[in-house]
Amino acid sequence: MFINKTPDGRNNICGNKKSSTRKEMKISKRALADKLQIEGLDIDKNAIQRIESGKRFVTDIEIVIISRTLNITIEELLTPNQ
């Protein structure tokens, strides 16, 4: 049976990297949500929190826009933090 969660029970693998990159950029969840909305992604700060905590699945469309907005590659976004 296929289980679509990470070994530690998260619903995505990009949340940790997104969180650390956002913090390195010194922007809030709300500011990131605003930037993503400008790029055409309908998302709010609560969705940002749920992604970063691993409680929310992330679509491929969202991954493309998030990586572009954070100025990192999709590969970087999808590489788990060590």
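In this predicted model, Arg-68 has a relative accessible area of 49% and is therefore partly exposed, since the exposed class begins over 50%. Its side chain meets that of Glu-39 in a salt bridge, with 3.5 Å from N to O. This pair links distant parts of the chain, as Arg-68 lies in helix H4 and Glu-39 in the loop between H2 and H3, 29 residues apart. Glu-39 is likewise partly exposed, at 39% relative accessibility.

The count of salt bridges comes to four. Three of the pairs are listed here.

| Salt bridge | N to O separation |
|---|---|
| Arg-68 and Glu-39 | 3.5 Å |
| Glu-52 and Lys-18 | 2.9 Å |
| Arg-56 and Glu-62 | 2.7 Å |

Glu-52 and Lys-18 are both buried. Glu-52 belongs to helix H3 and Lys-18 to helix H1, so their salt bridge ties together parts that are 34 residues apart in sequence. Both residues also take part in a network of salt bridges with Arg-22. In the pair formed by Arg-56 and Glu-62, Glu-62 is buried, at 7% relative accessibility.

Helix H3 spans residues 45-52, and its buried residues are Ala-47, Ile-48, Ile-51 and Glu-52. Viewed down the helix axis, these buried residues fall within an arc of 135°, and they therefore line one face of H3. Their cover includes helices H1 (15-24), H2 (29-38) and H4 (60-70).

The N-terminal end of H3 is capped by Asp-44, which has a side-chain oxygen 3.1 Å from the backbone nitrogen of Asn-46. After H3 comes Gly-54, with a positive phi near 85°.

Definitions and conventions:
Residues are numbered from 1 along each chain as its sequence is written. This is a predicted model: local features need pLDDT of at least 70, side-chain atom pairs count only at pLDDT 80 or more; totals for chains, interfaces and linings use all residues. Side-chain values use heavy atoms; hydrogens and water are left out. Buried means under 20% relative accessible area, exposed over 50%, partly exposed in between (1.4 Å probe, protein chains only). Helices (H or I, at least four residues) and strands (E, at least two) are DSSP runs, numbered from the N terminus. The arc is that of the directions from the helix axis to the C-beta atoms. Contact means heavy atoms within 4.5 Å. A polar contact is a pair of N or O atoms within 3.5 Å; within protein, one must be able to donate a hydrogen and the other to accept it, and residues adjacent in sequence count only if both atoms are side-chain atoms.
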